Structures are given as structure tokens and as C-alpha cells.
Amino acid sequence: MYSEIQRERADIGGLMARPEYREWNPELIKPKKLLNPVKASRSHQELHRELLMNHRRGLGVDSKPELQRVLEHRRRNQLIKKKKEELEAKRLQCPFEQELLKRQQRLNQLEKPPEKEEDHAPEFIKVRENLRRITTLTREERAL
């Protein structure tokens with residue numbers, strides 16, 4: 001098929017004006033058009049044939065590169081996640097659930113203050129307590 005197209009184009013070349021040097025000396029070597037090695041290769045011909053067939057069928061090559069498709073897929077997933085979160089937030093808007101959340105927060109606050117006081121102790125007090133623990137352990141080890 002590809003070679004037939006080339007032959008047809010060569011026939012069209014007859015319409016062009018021929019150079020004058022061919023006529024005056026028959027001993028001269030006649031120039032030949034060089035073949036393009038890429039177009040002459042078998043793989044290129046098969047690829048070209050496949051592209052022509054796909055074009056005739058109406059099948060197009062993917063117009064978007066892979067990176068762009070992946071980014072669009074991620075954006076779509078993010079939008080879906082946002083919509084789910086919004087629906088969940090709306091679902092939690094009923095008054096009964098709001099009261100339950102408030103009570104749970106109050107209970108958590110009542111349980112946490114003793115732990116927070118220990119966390120806010122100055123660092124030198126924490127270090128001193130650690131030193132006391134270490135010294136008591138060494139005394140017990142000496143006694144053994």
C-alpha cells in the first residue's frame with residue numbers, strides 16, 4: 001500500500017519539466033532520487049498503514065498525554081472526596097447529633113486537664129524527677 005502511493009507520486013513526476021542535460025549526453029549517469037531510510041523501513045510502513053486504517057475507521061490516537069489523564073483523574077477523586085465530606089457535614093447538622101458531640105467534648109475536657117497539667121510542668125522539674133528515679137534504681141541495685 002505504501003509502495004503503491006510512492007509509485008503514484010513517481011508517475012505524477014512526469015508532469016514536471018525534465019532537466020535538459022539528459023538529452024545531450026547519453027553516456028552521463030542519470031541521477032536517481034535517494035530513498036529516505038526511515039520511510040523505506042518496514043516498521044515505519046506498518047505504523048503508517050495502521051494510522052491510515054485507524055483514521056479511516058474514525059479511531060483517533062489519545063489526544064491527551066498520560067500525565068494529563070492522571071492529573072484529571074486525581075482532580076476528579078478530590079472533588080468526589082470533598083462532596084462526601086460536605087454530605088457528611090450536612091448529615092451531622094441535625095440537633096440531636098450536635099448535642100451528642102457537645103456532651104462528648106465536655107467529657108473529654110473533664111478527663112484531660114490532669115494530663116495537661118503534667119505536660120505543662122517546667123522542664124527542670126521533669127529532669128529532676130527523672131534523676132530521682134535513676135538514683136533510686138541505682139541504690140536498689142547496690143543493695144542487691
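Is Glu99 buried, partly exposed or exposed, and what is its relative accessibility? The tour returns to this residue after a view of the whole chain.

**Whole chain.** Begin with the protein chain displayed as a cartoon. The model is a predicted one, and it contains eight helices and zero strands. Following the sequence, the order of elements reads α-α-α-α-α-α-α-α. Next, switch on the surface: about 14,800 Å² is accessible, and carbon and sulfur atoms account for 55% of that area. Of the 144 residues, 1% count as buried.

**Confidence.** Colour the chain by pLDDT. The mean is 77, with 69% of residues at 70 or more. Select residues 2–12, helix H1, where confidence is lowest, at a mean of 53. Then select residues 66–91, helix H5, where the mean of 89 is the highest.

**Helix H4 and its end.** Select residues 42–57, the 16 residues of helix H4. At 1.5 Å a residue, the helix should span 22 Å, and the 23 Å between its end C-alpha atoms agrees with this. Step on to Gly58, just after H4, and inspect the backbone: phi is positive there, at about 95°.

**Helix H6 and the salt bridge.** Move to residues 95–111, helix H6, and show the side chains of Glu99 and Lys102, which lie three residues apart. Where do these two side chains meet? They form a salt bridge, with 4.0 Å from N to O. In general, side chains of opposite charge can pair when their charged atoms come close. About one helical turn separates Glu99 from Lys102, because they are three residues apart in the helix. An α-helix has 3.6 residues a turn, so residues three or four places apart point the same way. To settle the opening question, Glu99 is partly exposed, at 39% relative accessibility. Its partner Lys102 is also partly exposed, at 42%. The salt bridge count for the model comes to one.

**Helix H8 and a nonpolar patch.** Finally, select residues 123–143, helix H8, and locate Ile134 within it. Add Val127 and Leu131 to the selection: together with Ile134 they make up a nonpolar surface patch with about 270 Å² of accessible area. Ile134 has a relative accessible area of 49% and is therefore partly exposed, since the exposed class begins over 50%.

Conventions:
Residues are numbered from 1 along each chain as its sequence is written. This is a predicted model: local features need pLDDT of at least 70, side-chain atom pairs count only at pLDDT 80 or more; totals for chains, interfaces and linings use all residues. Side-chain values use heavy atoms; hydrogens and water are left out. Patches are made of residues with over 30% relative accessible area and no salt bridge: like charges are joined within 9 Å, nonpolar side chains (Val, Leu, Ile, Met, Phe, Trp, Tyr) within 5 Å. Accessible areas come from the Shrake-Rupley method with a 1.4 Å probe; for residues, only the protein chains shown count as cover. Helices (H or I, at least four residues) and strands (E, at least two) are DSSP runs, numbered from the N terminus. Buried means under 20% relative accessible area, exposed over 50%, partly exposed in between (1.4 Å probe, protein chains only). The expected span of a helix is 1.5 Å times one less than its number of residues. pLDDT is the predictor's confidence in each residue, from 0 to 100.
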